[in-house]
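User: Please take a close look at one strand in the middle of this model and its surroundings. I would like a connected account that starts from the whole chain and then goes into that part.

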Amino acid sequence: MSYFRSVGTLILFGGILFSYGERGFAQTREEGVIADSILTMREIMQIPAKSIPLTLMQKAEGVAIFPGMVKGGFILGAQRGRGILVIKNDDGQWENPRFATLTGGSLGFQAGIQSADVILVLCTRRSVESAVKGHFTVGADATVTAGPVGRQATVGTDLKLTSEIYSYSRSRGIFLGAAIDGCVMEIDHQAMAGYYRNGTPKEAADLVTMIRSYAGEEMPENAVNALELTRIQLAEANGKLQAILEPQWQTWLALPKEVFLPEGRPVLADLVRVQERFTTVGQNPQYAALQQRSEFQTTSQLLHQYIALLTEKPE
């Protein structure tokens with residue numbers, strides 16, 4: 001059974017995206033980077049025993065998040081990821097996310113893994129200042145160490161936390177300190193100019209709020225409720241998924257209408273029913289092409305997270 005819109009439509013859309021991506025679709029792409037960065041950071045920090053230690057986050061002068069760093073691709077041996085860099089300014093205030101790329105070098109992916117989420121925790125002003133200059137080589141412009149995880153540290157980890165940068169990766173659900181050296185991080189000024197042309201979008205402010213909370217800073221009064229933020233992200237992700245599906249699949253993978261309403265609270269049983277459908281698709285090799293789509297993966301992950309938050313939060 002076909003679940004995508006016609007091939008002709010997809011090819012046409014792809015051509016439009018390629019031709020006009022830097023102009024008409026740049027903001028949509030950067031919104032996706034921000035949403036993926038929020039999701040990556042939240043998922044990693046949800047399990048204290050296996051997350052970035054809060055003592056390290058409290059020491060942080062900057063955090064770089066690269067969701068879905070790709071290894072291989074069209075150029076043999078190449079590694080590239082698009083993500084964000086959030087830093088403190090000279091006054092100790094966290095600034096808006098900068099868009100960045102991470103390319104090449106040696107990155108400790110697990111054997112056979114083609115992609116992984118990568119996080120860098122920058123702990124010195126020197127490393128931050130070097131990074132924002134626009135062309136920064138990890139391991140050359142600043143020392144880098146595989147970061148400790150949770151309450152324990154692996155053998156060889158700098159227990160005194162004196163390294164300038166600590167690096168992590170997550171693949172196949174496993175999160176650990178990762179060896180990374182020689183990767184070049186560059187600030188994407190063009191993406192920033194397009195994304196911030198009308199001010200600071202809400203999702204960018206939400207990401208800064210999250211980083212501040214993990215760094216142990218006082219949350220502002222208008223801090224975004226985690227449940228409501230997840231609902232918003234889920235609604236946006238599902239909208240992107242629906243756009244690539246045929247009508248019968250749109251109906252089968254549709255979310256309850258309450259998900260799309262401000263402060264909406266769908267019936268838990270309805271959400272679980274949809275989650276079971278996503279699980280069915282995700283486990284069936286027949287739907288491999290759909291499984292590999294980022295729109296499907298992101299919606300599925302956010303749906304799981306939203307249900308978890310609903311069951312934890314008293315009505």
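Analyst: Of the 315 residues in the chain, 47% count as buried, where buried means under 20% relative accessible area, exposed over 50% and partly exposed in between, with a 1.4 Å probe and protein chains only. This is a predicted model, in which local features need pLDDT of at least 70 and side-chain atom pairs count only at pLDDT 80 or more, while totals for chains, interfaces and linings use all residues. Residues are numbered from 1 along each chain as its sequence is written, and side-chain values use heavy atoms, with hydrogens and water left out.

The chain has 11 helices and 11 strands; these are DSSP runs numbered from the N terminus, with helices being H or I of at least four residues and strands E of at least two. About 15800 Å² of the chain is exposed, and carbon and sulfur atoms supply 55% of that area. Accessible areas come from the Shrake-Rupley method with a 1.4 Å probe, and for residues only the protein chains shown count as cover. Among the contacts with a separation of 6 or more, 71% are between residues 24 or more positions apart, a contact being heavy atoms within 4.5 Å.

The part to look at is strand 8 (residues 165-171). Seven of its seven residues are buried, so strand 8 is largely enclosed by the rest of the structure. Ile165, Ser167, Ser169 and Ser171 point one way from strand 8, whereas Tyr166, Tyr168 and Arg170 point the other way; all are buried.

Strand 8 has several pairing partners, two strands being paired if DSSP finds at least two bridges between them. With strand 5 it pairs in the antiparallel sense over six bridges, and there Val121 has Tyr166 as its bridge partner. Strand 7 (residues 144-146) runs parallel to strand 8 and is joined to it by three bridges; the partner of Ala146 is Ser167. Strand 9 (residues 174-177) runs antiparallel to strand 8, with four bridges between them, and Ser169 is matched there with Leu176.

From the side of strand 5 (residues 115-122), Ile119 gives a useful view. Ile119 is buried, with a relative accessible area of 0%. Its C-alpha is 6.3 Å from that of Ser169, although the two are 50 residues apart in sequence. Leaving out residues up to four places away in sequence, Ile119 touches Tyr166, Ser167 and Tyr168, as well as Thr40, Met41, Ile44, Ile52, Val63, Ala64 and Ile65.

Helix 4 (residues 125-132) has Ser127, Val128, Ser130 and Ala131 buried. Seen down the axis of helix 4, the buried residues fall within an arc of 165°, so they line one face of the helix; the arc is that of the directions from the helix axis to the C-beta atoms. Gly134 follows helix 4 and has a positive phi, near 115°.

Elsewhere, the structure holds six aromatic pairs. Rings of Phe, Tyr and Trp (its six-membered ring) pair if their centres lie within 6.5 Å, and planes under 30 degrees apart count as stacked, over 60 as edge-to-face and the rest as tilted. One of these pairs is Trp249 with Tyr287, edge-to-face at 5.2 Å centre to centre and 75° between the planes. Both Trp249 and Tyr287 are buried.
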